Amino acid sequence: MTKPISDELIAEANARELVALEEDYTALGRKLARTGIDIDRVKDRIAGFSVAVPSWGAGRGGTRFAKFPIPGEPTNIHEKLEDCAVINQLSRLTPRVSPHFPWDKVSDYKALREEAADLGLGFDAVNSNTFQDQPGQAQTYATGSLSSTVEATRAQAVEHNIECIEIGRQLGSTDLTVWVGDGTNFPGQQDFARSLDRYLEAASEVYSALPDDWRMLLEHKMFEPAFYSTVINDWGSSILAAQELGPKAKCLVDLGHHAPNVNIEQIVARLHRFGKLGGFHFNDSKYGDDDLDSGSINPHQLFLVFNELVEAELNPREGFKPSYMIDQSHNVTDPIESMLSSAEAIGQCFAKALLVDRDALHAAQEANDTMMAFQALRRAYNVDVAPILAKARVEAGGAIDVLATYRASRWRDRKAQERKAVGLGAGIV
Ligand code: PSV
Ligand code: MN
């Protein structure tokens with residue numbers, strides 16, 4: 001196996017932190033034991049937890065105004081995999097990459113799978129792209145894709161999604177994530193009912209091509225690129241479409257794709273109630289689909305989402321197997337650092353949700369004791385779980401201080417010597 005960062009460097013960095021970590025872990029273990037929690041069991045759950053990273057998040061993102069590339073950023077899927085391997089090697093939380101096509105297109109997917117495996121990585125959900133035109137493409141997506149009024153365009157979008165399934169089979173994926181940019185910019189531009197009908201008909205053709213063990217994850221988004229309406233705009237449209245398509249269709253919740261202040265954790269609970277919670281694109285937002293780093297703006301919301309997920313685990317509905325993925329745009333940071341920090345934030349929220357005294361919470365809920373129900377959540381949220389994550393990491397060969405170790409490796413500087421520069425106009429690709 002190829003390890004991008006040397007084990008010696010990680011061991012050296014860890015040696016400086018180990019005594020402090022043991023002290024912190026022991027102290028936290030004693031504190032948790034007083035409330036009947038075995039810290040090692042929480043640590044074991046963290047060791048078994050993972051979140052996929054997006055191949056497109058490995059490069060510097062941009063806005064529609066500008067993109068500011070950094071020296072040494074990856075320019076193709078091979079270099080992206082290398083960077084994703086760094087994230088996983090240090091964090092031990094991100095063993096899978098979610099690819100996007102045609103951005104990550106290669107001629108030999110068997111070889112790509114082997115290349116990833118050699119770096120300790122597998123592939124998660126395959127993402128189709130019918131929101132951009134590609135050079136040489138027969139039909140434009142300017143009129144939409146799966147919902148386009150143009151039959152040939154819908155057929156092209158269906159064909160692309162089926163091609164993604166085929167690529168995914170070769171890569172070892174079992175999920176197809178479908179997000180369409182379809183929508184309108186003006187009232188009256190399209191008929192709401194007819195565009196949804198067209199979407200459903202085309203999506204059902206994609207659905208029919210799913211292998212038995214595959215799922216189709218429908219990702220809703222309220223606006224952008226369409227600024228008046230989108231075809232799959234919210235979780236309501238998403239669940240209705242998933243119900244109409246069939247049991248293999250589930251809903252994917254991208255945290256940034258909702259109206260401001262929407263209660264996302266309640267959406268998560270609702271989707272789970274109907275067996276339709278398929279997965280997540282984690283990120284954070286302040287104003288819209290900002291694609292900011294997970295937990296950087298509203299970590300409490302992320303905790304409340306995980307609180308619902310832990311509840312869901314205790315009351316599993318048919319097919320509860322949510323895929324956890326990051327979907328962020330790193331416009332002003334080194335993407336590796338952002339994803340290290342984000343994976344940590346996501347893992348921390350899961351750990352905190354595991355600490356919630358469920359008996360106390362449920363008893364308070366039944367007794368209508370509002371304050372004690374809230375305190376059950378508050379107590380868990382207030383615990384600094386960092387030593388649990390660090391201990392799980394170090395036991396799995398990762399770094400105690402992921403960012404310091406990454407910087408010590410001088411990975412980006414070294415890659416700046418080897419990799420070609422990124423063009424200015426490349427957007428998030
Ligand atoms: C759209 O905003 C989205 O969240 C979808 O998941 C896309 O696949 C991804 O971002 C990249 O454009
Ligand atoms: Mn997304």
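Which residue in E11 is the bridge partner of Val253? You will find Phe280 named in the legend to View 1. Every view shows a predicted model, in which local features need pLDDT of at least 70, side-chain atom pairs count only at pLDDT 80 or more, and totals for chains, interfaces and linings use all residues. Residues are numbered from 1 along each chain as its sequence is written, while chains are lettered from A and ligands numbered from 1 in the order in which they are written.

**View 1. Strand E11 and its partners in a parallel, open sheet of 7 strands.** Helices (H or I, at least four residues) and strands (E, at least two) are DSSP runs, numbered from the N terminus. Two strands pair if DSSP finds at least two bridges between them. Follow the sheet in the order E3-E5-E6-E8-E10-E11-E12. Strand E3 (100-101) and strand E12 (323-326) are its edges, each pairing on one side only. Strand E10 (residues 249-254) runs parallel to E11, joined to it by 4 bridges, and Val253 has Phe280 of E11 as its bridge partner. E11 and E12 are also parallel, over 4 bridges, with Gly279 partnered by Ser323 in E12. Strand E11 itself (residues 277-282) is mostly covered, with 6 of its 6 residues buried. Here, buried stands for 20 or more other C-beta atoms within 10 Å of a residue's own, exposed for 12 or fewer, and partly exposed for anything in between, with C-beta atoms placed from the backbone.

**View 2. An open sheet of 3 strands, E1-E2-E4, with parallel pairing.** The edge strands, each pairing on one side only, are strand E1 (53-54) and strand E4 (122-123). Strand E2 (residues 96-98) pairs with E4 in the parallel sense over 2 bridges. To find one of these pairings, look for Val97, whose bridge partner in E4 is Phe123. As a reminder, strands of a sheet pair through backbone hydrogen bonds, either parallel or antiparallel.

**View 3. The buried face of helix H9 (residues 264-273).** Ile264, Glu265, Ile267, Val268, Leu271 and His272 are the buried residues of this helix. Seen down the axis of H9, they fall within an arc of 155°, so they line one face of the helix. The arc is that of the directions from the helix axis to the C-beta atoms. The buried residues of H9 pack against H8, E10, E11 and helix H10 (299-314); a contact is counted when two residues have their C-beta atoms, placed from the backbone, within 7 Å. Just after H9, have a look at Gly275, which takes a positive phi of about 65°.

**View 4. Helix H16 (residues 411-418), with a buried and an exposed side.** Trp411, Arg412 and Lys415 are buried. These residues cover an arc of only 90° around the axis, which puts them on the same side of H16. Turn to the other side and you meet Asp413, Arg414 and Gln417, which are exposed. Helix H4 (77-91) and helix H15 (402-409) are what the buried residues of H16 pack against.

**View 5. The surroundings of ligand 1.** The shell holds 10 residues, of which Asn127, Trp179, Glu219, Asp254 and Asp327 come nearest. A residue is near a molecule if its C-beta atom, placed from the backbone, lies within 6 Å of it. The shell divides into 3 nonpolar, 2 polar and 5 charged residues. In this grouping Ala, Val, Leu, Ile, Met, Phe, Trp, Tyr, Cys and Pro count as nonpolar, Asp, Glu, Lys and Arg as charged, and the others, Gly among them, as polar.

**View 6. Phe306 in helix H10, and Ala47 in helix H3 (residues 39-47).** Is Phe306 buried or exposed? Phe306 counts as buried because it has 23 C-beta neighbours inside 10 Å. Leaving out residues up to four places away in sequence, Phe306 touches Cys349, Phe350 and Ala353. The C-alpha atoms of Phe306 and Ala353 are separated by 5.8 Å, although these residues are 47 apart along the chain. Ala47 is partly exposed, with 17 other C-beta atoms within 10 Å. With the same sequence neighbours left out, Ala47 touches Ala392 and Ala396.
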